Amino acid sequence: MSDQLRADWGGPDKVLDTYVAQMDRLTEPVDPGVQLSLTVHGLLVSGELIPQWQWFAEVSEMTNNEDAFYTGMAEHVKEQSDLAHAAVKLRDTGGEVTHRQYTALMAPTSYIHLRNARIHSPDHAGRGGCLWRGRLCDVSGWTPGYSPAAD
């Protein structure tokens, strides 16, 4: 097997990667998020796909006093999302993209972020309803919507 084929096989699904990257570039919060069911290390994880910056913002709001780390991360990731969004608009209208906008636009998507996530295992049905973050390269299968097994 060639090295290129092996590298493609071990990486995240390109369609899911694109789907998540487009969600991460949104500059407004989504509610509800896009329903997905994922297979991750033999477990079914279902929930609402939301932008990365929104996930950090919602984590920071989980406690009565906002966590400075998650609030700061949410602001940073939201700024990167805004830069990428501006770069797409400029690119589509023939404008010049700044280096910061280009860097934000080209940043690789590595994680997927779900709200109201439920984790299903053979032993237990549907634990959760939580915020969930996982590596895209750990997702071995996915489907839009909730799996019937998730209900």
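This is a short talk about how one protein chain is put together, from its overall layout to a few unusual spots.

Hi everyone, and thanks for coming. Before we look around, two notes on the model. It is a predicted one, where local features need pLDDT of at least 70 and side-chain atom pairs count only at pLDDT 80 or more, while totals for chains, interfaces and linings use all residues. Residues are numbered from 1 along each chain as its sequence is written, and side-chain values use heavy atoms, with hydrogens and water left out.

Let's begin with the layout. The chain has 5 helices and 5 strands. Here helices (H or I, at least four residues) and strands (E, at least two) are DSSP runs, numbered from the N terminus. Going along the sequence, you meet them in the pattern α-α-β-β-α-α-α-β-β-β.

How much of the chain is buried? Of its 151 residues, 38% are. Buried means under 20% relative accessible area, exposed means over 50%, and partly exposed is in between, with a 1.4 Å probe and protein chains only. The exposed surface comes to about 9200 Å², with carbon and sulfur atoms supplying 55% of it. Those areas come from the Shrake-Rupley method with a 1.4 Å probe, and for residues only the protein chains shown count as cover.

Now to the inside. In soluble globular proteins, nonpolar side chains tend to be buried together. A nonpolar core, for us, is a set of buried Ala, Val, Leu, Ile, Met, Phe, Trp, Tyr and Cys residues joined through side-chain atoms within 4.5 Å. The largest one holds 24 residues, and those touching the most other members are L16, L38, L49, I112, L114 and W132. At least two residues of this core come from each of α2 (14-24), β1 (34-40), β2 (43-49), α3, α4 (68-92), β3 and β4 (127-135). Which element gives the largest share? That is α3, with 5 residues. There is also a second, separate core of 5 residues, including L83, A84, A104 and L105.

Let's stay with α3 for a moment. Because 8 of its 9 residues are buried, α3 is largely enclosed by the rest of the structure. Among those buried residues are W53, Q54 and E58. V59 also lies in this helix, which spans residues 52-60, and V59 is buried at a relative accessible area of 14%. Leaving aside neighbours within four places in sequence, V59 is in contact with Y70 and L131, where contact means heavy atoms within 4.5 Å.

Two more residues to find are W55, buried at 8%, and F56, buried at 6%. Rings of Phe, Tyr and Trp (its six-membered ring) pair if their centres lie within 6.5 Å; planes under 30 degrees apart count as stacked, over 60 as edge-to-face and the rest as tilted. The count by this rule is 2 aromatic pairs. For W55 and F56, the ring centres are 5.1 Å apart and the planes stand at 90°, so this pair is edge-to-face.

Next, the strands. Two strands pair if DSSP finds at least two bridges between them. β1 and β2 pair in the antiparallel sense over 7 bridges, and L38 stands opposite V45 in β2. β2 also runs antiparallel to β3, joined by 5 bridges, with S46 opposite R118 in β3. Since 6 of the 7 residues of β2 are buried, this strand is largely enclosed by the rest of the structure.

Finally, some backbone surprises. Most residues other than glycine have a negative phi, and most peptide bonds are trans. Where does H41 sit? H41 is in the loop between β1 and β2, and it has a positive phi of about 50° although it is not a glycine. At 64% relative accessibility, H41 is exposed. N116, in strand β3, has a positive phi too, near 55°, and N116 is partly exposed at 36%. The peptide bond from D31 to P32 is cis, with omega near 5°, and P32 belongs to the loop between α2 and β1.

If you take one thing away, let it be α3: 8 of its 9 residues are buried, and it gives the largest core its biggest share. Thanks for listening!
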